[in-house]
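Morning, everyone. I have one structure to walk through today. Please have the viewer open.

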Amino acid sequence: MHTMLNPVEPLKLEGASYILGGDALQVLKLLPANSIRCCVTSPPYWGLRDYGTTGQIGVENNLNDYIDALVVIFREVKRVLTDDGTLWLNLGDAYTSGGRAYRAPDKKTDNGHVVRGLPFRPPTPEGLKPKDLIGIPWRVAFRLQEDGWYLRSDIIWYKPNAIPESVKDRPTLAHEYLFLLSKSERYYYDYNAIREATENGRGYRNKRTVWAVNTQAFPEAHFATFPEKLIEPCVKAGSAPGDYILDPFFGSGTSGLVAARLQRNFVGIDINPRYVAMAQNRILSEVKAGLS
């Protein structure tokens, strides 16, 4: 695995995995076109966490600025994808602030050393009301569709171990969305690699669109990381051994870890040097242990 911080020259992908430090958009521009088979990623959610890095995504006051930034980044992702490449995008939703401009400390979004919950709440987006569900994942998905992506599937990530909520005027939130988007009308998708057992256990069927996956903590990162079991089907269906997997919001490196376990190469990008070092140490330690 090769690690580069703040790369300044175009990168040739030559059968090795890379963790690259820097702004996702700028680093993506250094990657060759048509070089990545599959992108699996979960960008920072809007208005939720402060990762302590200048230029970070998710702290915009205006929701449209957040969506615009993601559209531009994923436009560059589309450039580096092969013509038969896919994007698997996980995003969480949020509610309007109801006029509150502050956020109290919250153990769900603050671990005190690597990441903190945002101390402010972004203003209610234009056209919405207090207590409205914003619909961020779908707003992003539709904008990507307008930008040329094929929106092929919405997948419900059901969280059996979802964190309880104290709300009494709506159901407790226990799911997020995972979108499958493709660069072209026809694309690589190995449905046999992710067949699932039928209810009676006597055979296998095409994977359904509701995936029950527990959230997964990693002590050195924020309260919950991209779960490995959520990433595995994306990598298996969207690539073959030896292909490249891309994650422009690499964080603690779970997508790279899964890719390595499944005999894929990976390119991970993160703007925060602490996360670059964390991901490298995590993956290297598991490589030494045999990727068990």
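I will take a pocket, then a strand, then the salt bridges.

A word of caution to begin with: this is a predicted model.

Start with the second largest pocket. Its space comes to about 260 Å³. What lines it? From the earlier part of the sequence, the lining includes Trp88, Arg152, Ser153 and Ile155. Leu180, Tyr187 and Tyr189 are also among the lining residues. So are Asn206, Lys207, Arg208, Thr209 and Trp211. By class, the lining splits into 6 nonpolar, 3 polar and 3 charged residues. Which element gives the largest share? That is strand β7, residues 150-158, with 3 residues of the lining.

Stay with β7. Look at its pairing. With strand β8, residues 175-182, β7 runs antiparallel, and 8 bridges join the two. With strand β11, residues 210-212, β7 pairs in the parallel sense, over 3 bridges. Now find Tyr158. Opposite Tyr158 in β8 stands His175. Opposite Tyr158 in β11 stands Ala212.

On to charges. How many salt bridges does the structure hold? The count is 16. I have picked out a few.

Take Arg261 and Glu228. Their side chains meet in a salt bridge at 2.4 Å, N to O. Where do the partners sit? Arg261 is in helix α5, residues 254-261, and Glu228 is in helix α4, residues 228-238, so this pair ties together parts 33 residues apart in sequence. Are these two buried or exposed? Glu228 is buried, because its relative accessible area is 12%, and buried means under 20%. Arg261 counts as partly exposed, at 22% relative accessibility.

Next, Arg170 and Glu165. This salt bridge has an N to O distance of 3.1 Å. Arg170 is partly exposed at 23% relative accessibility. Glu165 is partly exposed too, with a relative accessible area of 26%.

Then Asp132 and Lys129. Their side chains form a salt bridge at 3.0 Å, N to O. Asp132 counts as buried, with 17% relative accessibility.

Last, a network. Which residues are in it? Salt bridges link Glu196, Glu199, Arg205 and Lys207. You have met Lys207 already: it lines the second largest pocket. That brings the pocket and the charges together in one residue, Lys207.

To recap. β7 gives the pocket lining its largest share, and pairs with β8 and β11. The Arg261 and Glu228 pair ties α5 to α4. That's my set. Over to you.

Notes
Residues are numbered from 1 along each chain as its sequence is written. This is a predicted model: local features need pLDDT of at least 70, side-chain atom pairs count only at pLDDT 80 or more; totals for chains, interfaces and linings use all residues. Side-chain values use heavy atoms; hydrogens and water are left out. On a 1 Å grid over the protein atoms alone, a cavity is a set of points where a 1.4 Å probe fits but cannot get out, and a pocket is an open set with protein on both sides within 12 Å along at least five of seven lines; lining residues have an atom within 4 Å of a point. Grid points are joined across faces, edges and corners, and a volume is the space filled by probe spheres set on the points. Helices (H or I, at least four residues) and strands (E, at least two) are DSSP runs, numbered from the N terminus. Ala, Val, Leu, Ile, Met, Phe, Trp, Tyr, Cys and Pro count as nonpolar, Asp, Glu, Lys and Arg as charged, and the others, Gly among them, as polar. Two strands pair if DSSP finds at least two bridges between them. A salt bridge is a side-chain nitrogen of Lys or Arg within 4 Å of a carboxyl oxygen of Asp or Glu. Buried means under 20% relative accessible area, exposed over 50%, partly exposed in between (1.4 Å probe, protein chains only).
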